[in-house]
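Me: Got a model here and I'd like to talk through its empty spaces. Can you take a look?

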Amino acid sequence: MTGDEGPSYTVDDALVALGFGKFQILVLVYAGVGWVSEAMEMMLLSFVGPAVQALWNLSPHEESFITSAVFAGMLIGAYSWGVVSDRHGRRKGFLITATVTSIAGFLSAFAPNYILLIALRSVVGVGLGGGPVLSSWFLEFVPAPNRGTWMVIFSAFWTLGTIFEASLAWIVMPNLGWRWLLALSSLPTSFLLLFYKLTPESPRYLCLKGKTADAIEVLEKIARVNGRELPSGNLVSDHEIELQKIDNPSEDARLLSPRTNEIKHPLGMDSNLGGISSLSVLLSPKLARSTVLLWAVFFGNAFSYYGLVLLTTELNGHSKCVSHKLQTEKYQDVSYKSVFIASFAEVPGLLLSAVAVDKLGRKLSMSTMFFICCIFLLPLVFHLPEGLTTGLLFLARICITATFTIVYIYAPEMYPTSVRTTGVGIASSVGRIGGMICPLVAVGLVHGCHQTAAVLLFEIIVLLSGICVIFLPIETMGQELRDSVQV
């Protein structure tokens, strides 16, 4: 664009001009390692619970609470780190989360009793709640035309983490035990701390905060590494363009003048938004419908995803009602193999989402996958042979992996930069509530020989999630990211 003081360009214009190159690959690897470590910390719950139950003679509810405590921590962390990174920068957000996760994760390997293990795992959960910060940080470096594909590739790191953790557990658990698994699983997070100084701040975030010189410095670095040229002219943020339109509608191209700062900022543009202010923006008339529906989708996704991970062993282990002792023995027998096999369901799930996300759009892809998942789950209301049960759960998990992947692309695209990580963080927190309730309710029903009720509960939640997706007001495919909520 051009104006009285010469041409200007936005961060989006710059990213499109610079393309997706070596710089973004490095950002992808760094953020991806964070995603691998989060997946590992989540997957190990499938293995540590039964081992600790046998060691400390825990009840099924006490075993389930180990998983729920992690989700409770994530509930706090996802909101807190979202606010921190929207106020103080993406880098500070993931520095704190990586520090908390690595230290608490390593210390939990030395927990002498159940209470301390619960306490340390909940602190790990607080750290893991920062996952959306890394995904938002990576997203803000990706040019709009490539966003869907590269966010699916980013999600592949989660799958890599689940497969790696299942493999690690299969090797470590029978030979070294659960403490070694906890200690080894905390190591990938320390990689983030090791290379933290090399990470750049998001240019979109810097531009939003008025640090245009710093944003240009990062963009110039991207240009050097990618071997491309920045557009000519002055860098402006989207909200400056909006303010300039308000100030001078007849001269849309004029750059922001000093007195424009007196104009009322678009919603969510206050650079020091606190937690309550950010929440009020998310629930403002412009965003309320999207926010509430997104919360429902995240809840359904997390409840279904973690439920399917746990049910893979639960349904095979409890296909007939037997004594608790026999259940525990059967659980120990099948858990490594079943979880390892089921984790590979995420690969076709990712491929499916990669194909669908930029062809069908975010909304149609998600709703279709939710409804197909319902079809695969329905036969499980009956007791079926182990092979058929595993097959149906495998197919259902493909669908849920696809919806989970796409919702993590859709959510940061839907929110403006000013509240992006807070918005995704709170939605993720609501998802954590689903993950927290899941082992206590659904798995509890299977333990109590109520398989039909458990599966019907999943059916209802997956179906309602699909309906909520249909009513989401915005399709973000191919759209540029917004910096603010326009009033």
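Me: How do the residues lining the largest cavity divide into nonpolar, polar and charged?

Reply: Quick note: this is a predicted model, where local features need pLDDT of at least 70, side-chain atom pairs count only at pLDDT 80 or more, and totals for chains, interfaces and linings use all residues. Numbering runs from 1 along each chain as its sequence is written, and side-chain values use heavy atoms, with hydrogens and water left out. A cavity is a set of points on a 1 Å grid over the protein atoms alone where a 1.4 Å probe fits but cannot get out, and lining residues have an atom within 4 Å of a point. Ala, Val, Leu, Ile, Met, Phe, Trp, Tyr, Cys and Pro count as nonpolar, Asp, Glu, Lys and Arg as charged, and the others, Gly among them, as polar, and the split is seven nonpolar, four polar and three charged.

Me: Which element gives the most to that cavity's lining?

Reply: The lining has 14 residues, with Trp-35, Trp-158, Phe-404, Thr-405 and Tyr-408 nearest the centre. Helices are DSSP runs (H or I, at least four residues), numbered from the N terminus. With four residues, the top contributor is α19.

Me: And which element gives the most to the lining of the largest pocket?

Reply: A pocket is an open set of grid points with protein on both sides within 12 Å along at least five of seven lines. Here 19 residues line the largest one, and Arg-91, Pro-200, Glu-201, Leu-206 and Val-218 lie nearest its centre. Giving five residues, the answer is α12.

Me: How many charged residues are in the lining of the largest pocket?

Reply: That lining also has six nonpolar and two polar residues. The charged count is eleven.

Technical notes: Helices (H or I, at least four residues) and strands (E, at least two) are DSSP runs, numbered from the N terminus.
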